[in-house]
Amino acid sequence: MPIKSQLILSAALLLAGPLCAADVPNPLADANGKVVTTPDAWKTNVRGQTLQFFREQVYGVRPVGKPAGYQAKVLREDPLALGGLATLKEIEITFTGPNGSGKIHPVLLIPNSAKVPVPTFLLFGFVKPDPLAEANVRGGWPVKEILARGYATVAFEVSEVDPDRADGFGDGIRAIFGKQPAAADAWGALSAWGWGASRIMDYLTTDPAVDAQRVAVIGHSRCGKAALWCAAEDERFSYVISNNSGCSGAAMARSKQGERVANITSHFPYWFCQNYQQYSNHEDRLPIDQHQLLGLIAPRLLYVASATQDDWADGKSEFESCVRAGPVFALFGKTGLESTTLPPPDKALLDGGIGYHMRTGKHDLAVSDWQHYMDFGDKHWKR
Ligand code: GCU
């Protein structure tokens with residue numbers, strides 16, 4: 001292992017302290033425990049295996065990629081939306097599977113002042129995307145602030161892809177493409193939502209106003225978990241933002257406080273594949289841990305944010321996970337986090353390939369969080 005990676009790993013262990021089990025999986029080790037030392041060896045021997053563990057044990061296996069009957073069209077375009085600030089496109093994506101057909105209706109806004117193609121933030125939304133509705137800003141989509149910074153943005157409502165409720169299986173894409181009864185490793189709703197984001201990406205690659213090399217996925221809480229998994233599965237996303245994603249998102253499974261696998265799989269079993277339930281109170285038996293999910297983003301840009309009052313998500317554990325993902329970024333010649341010491345509240349670490357801050361306040365996606373994400377984008381991503 002290069003000296004730099006070893007240093008980062010030892011720093012991680014120091015930081016983790018007694019909370020941390022000694023047997024946290026090494027993100028650079030292959031299935032036989034051999035530690036790889038080059039990016040190529042990691043990509044060939046570790047990445048695929050890690051991804052497969054997450055598929056089979058946590059988020060589930062997707063039965064389909066871009067479906068054969070896929071179509072995307074712009075239903076309505078307003079070149080002078082928001083008082084002339086942006087060009088708005090209401091898009092409709094349609095697809096058909098063995099058990100029916102479905103639709104997704106993302107809304108895209110391109111700043112009229114920016115030179116195309118424009119880097120774009122894709123939000124996993126809780127509500128129907130409507131840039132004029134106050135609920136959207138409250139729901140974490142501050143479109144005016146995003147456009148003012150010269151970025152485009154597109155949002156979709158995750159429930160349109162697959163309903164966010166325990167009995168929703170029959171009404172979403174998992175029913176359209178899946179079999180009943182579902183296999184123990186069949187995809188859960190988080191993976192289904194990420195599949196939806198990938199279908200939006202399929203459209204974005206065809207829109208000349210969007211810089212498809214610079215599309216970020218962003219989500220808050222359950223949508224933050226989904227955004228991380230989406231980008232692990234789909235390497236076209238060059239920047240990934242996890243806002244307060246916590247348990248089964250950015251936070252470690254083994255050592256975290258607040259919500260644990262037992263809580264999340266009893267309240268939200270349908271987010272995951274059934275296999276995940278066997279790790280309730282047995283996180284130590286997981287073949288992977290969440291720092292390896294963060295490692296699957298490398299060498300792309302990653303930003304993880306926590307909040308001081310969000311004990312359920314456990315910001316310290318999210319930070320620990322970022323530290324532990326560092327060796328994967330180091331393998332690619334990048335610094336992960338710029339520091340292995342938890343920064344004071346509201347101080348953003350923006351210099352490494354992994355950005356991080358812990359906002360003062362509660363579990364939320366605030367405009368101030370967005371400003372940090374865009375600062376990080378300005379620094380490492382925007383042309
Ligand atoms: C619950 C759940 C969390 C999740 C959150 C949310 O609190 O336990 O895991 O992140 O909902 O999505 O708002």
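The expected span of a helix is 1.5 Å times one less than its number of residues. In this predicted model, helix α13 covers residues 367-380 and has 14 residues. From its first C-alpha to its last, α13 reaches 20 Å, close to the 20 Å expected at 1.5 Å a residue.

Buried here means under 20% relative accessible area. By that cut-off, the buried residues of α13 are Asp-369, Trp-370, His-372, Tyr-373, Met-374, Phe-376 and Gly-377. An α-helix has 3.6 residues a turn, so residues three or four places apart point the same way. The elements that cover the buried residues of α13 include the helix α5 (143-148). Also among them are the strands β5 (118-125), β7 (210-220), β8 (239-243), β9 (301-307) and β10 (354-359).

Turning to internal space, the structure holds 2 cavities of 30 Å³ or more. Their volumes and lining classes are tabulated below.

| Cavity | Volume | Lining residues by class |
|---|---|---|
| Largest | about 50 Å³ | 5 nonpolar, 3 polar, no charged |
| Second largest | about 30 Å³ | 5 nonpolar, 1 polar, 3 charged |

The largest cavity is lined by Leu-123, Gly-125, Phe-126, Val-127, Asn-136, Gly-139, Trp-141 and Ala-155. No charged residue occurs in this lining.

Around the second largest cavity stand Cys-247, Ser-248, Met-252, Ala-253, Lys-256, Arg-260, Val-261, Tyr-276 and Glu-283. This lining includes 3 charged residues.

Notes. Residues numbered from 1 in each chain as written. Predicted model: local features only at pLDDT ≥ 70, side-chain atom pairs only at ≥ 80, totals over all residues. Heavy atoms only, no water. 1 Å grid on protein atoms, 1.4 Å probe; cavity = no way out; pocket = protein on both sides within 12 Å on 5 of 7 lines; lining within 4 Å. Points joined across faces, edges and corners; volume = space filled by probe spheres on them. Nonpolar A, V, L, I, M, F, W, Y, C, P; charged D, E, K, R; others polar. Helix = DSSP H or I, 4+ residues; strand = E, 2+ residues; numbered from the N terminus. Buried < 20%, exposed > 50% of the residue type's maximum accessible area, 1.4 Å probe, protein only. Contact = heavy atoms within 4.5 Å.
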